[in-house]
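Me: I would like to learn how to read the features of a structure, one at a time. Can we go through them in turn?

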Amino acid sequence: MSRPQPDSSEKCIRFGCGMFFGMAAGMIFGAGILPAFGLPFWTVTACFTILFGWLAMRQGDEFWEKVPDWLRSLWWWGR
């Protein structure tokens, strides 16, 4: 059973929420691991922001259901 396609306002909301989450994740990731590799902090943050926004818009609820699993898989990184 296929679900109906979201309208443009729902896509904008999904993209905005994904961007907000991506910006936070990118900043945390950038501050924690990037200095060791010498990568530009804001470039990586911008990439995370756009990528997470796009994924949230395309996948919708499935994206948000996968986020806790993704965060748990990175738990080793926070130690």
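**Reading the helices**

Reply: We can start with a length check on a helix, bearing in mind that the model is predicted. Helix α2 covers residues 41-59, and its 19 residues at 1.5 Å a residue should span 27 Å. The C-alpha atoms at its ends are 27 Å apart, so the expected span and the model agree.

Me: Which residues of α2 are buried?

Reply: A residue counts as buried when its relative accessible area is under 20%. In α2 the buried residues are Val44, Thr45, Phe48, Thr49, Phe52, Gly53 and Ala56. Viewed down the helix axis, these buried residues fall within an arc of 160°, so they line one face of α2.

Me: Why would such residues point the same way?

Reply: An α-helix has 3.6 residues a turn, so residues three or four places apart point the same way. On the face of α2 turned away from the buried side sit the exposed residues Ile50 and Arg58.

Me: What follows α2?

Reply: Glycine 60 comes after α2, and its phi is positive, near 65°.

Me: How many helices and strands does the chain have?

Reply: The chain has three helices and zero strands. Read from the N terminus, the order of elements is α-α-α.

Me: How much of the chain is buried?

Reply: Of the 79 residues in the chain, 23% are buried. The accessible surface is about 6000 Å², and carbon and sulfur atoms account for 69% of it. As for contacts, take those between residues at least 6 apart in sequence: 61% of them join residues at least 24 apart.

Me: Which residues show contacts between parts of the chain that are apart in sequence?

Reply: Alanine 25 is one case. Alanine 25 is in helix α1 and counts as buried, because its relative accessibility is 13%. Leaving out neighbours within four places in sequence, alanine 25 is in contact with Phe48, Phe52 and Trp70. The C-alpha atoms of alanine 25 and phenylalanine 48 are 7.2 Å apart, although the two residues are 23 apart in sequence. Phe48 and Phe52 are also among the buried residues of α2.

Me: Is phenylalanine 15 buried, exposed or partly exposed, and what does it touch?

Reply: Phenylalanine 15, also in helix α1, is partly exposed, with a relative accessible area of 27%. Beyond its neighbours up to four places away, phenylalanine 15 touches Ile50, Gly53, Trp54 and Met57. The C-alpha atoms of phenylalanine 15 and glycine 60 are separated by 9.1 Å, with their positions 45 residues apart along the chain.

Me: How do I read a salt bridge?

Reply: Side chains of opposite charge can pair when their charged atoms come close. A search of the whole structure gives one salt bridge. It joins the side chains of glutamate 10 and arginine 14, at 3.0 Å from N to O. The two residues are four apart in helix α1, so about one helical turn separates them.

Me: Are the two partners buried or partly exposed?

Reply: Glutamate 10 is partly exposed, at a relative accessible area of 35%. Arginine 14 is buried, at 18%.

Me: What else does arginine 14 touch?

Reply: Arginine 14 lies in helix α1, which covers residues 8-37. Not counting residues up to four places away, arginine 14 touches Pro6, Gly53, Ala56, Met57 and Gly60. Proline 6 sits in the segment before α1 and is buried too, since its relative accessibility is 18%. On the same sequence cut-off, proline 6 touches Lys11 and Arg14. The C-alpha atoms of proline 6 and methionine 57 are separated by 9.3 Å, and these residues are 51 apart along the chain.

Me: Which residues form the nonpolar patch on the surface?

Reply: The patch consists of Phe20, Met23, Met27 and Trp42, which together have about 460 Å² of accessible area. Its largest share, three residues, comes from α1. One of its members, methionine 27, is in α1 and is partly exposed, with a relative accessible area of 33%.

Technical notes
Residues numbered from 1 in each chain as written. Predicted model: local features only at pLDDT ≥ 70, side-chain atom pairs only at ≥ 80, totals over all residues. Heavy atoms only, no water. Contact = heavy atoms within 4.5 Å. Expected span 1.5 Å × (residues − 1). Buried < 20%, exposed > 50% of the residue type's maximum accessible area, 1.4 Å probe, protein only. Arc of directions from axis to C-beta. Areas by Shrake-Rupley, 256 points an atom, 1.4 Å probe, with all protein chains shown as cover. Patch = residues over 30% accessible without salt bridge, like charges linked within 9 Å, V, L, I, M, F, W, Y side chains within 5 Å. Salt bridge = Lys/Arg side-chain N within 4 Å of Asp/Glu carboxyl O.
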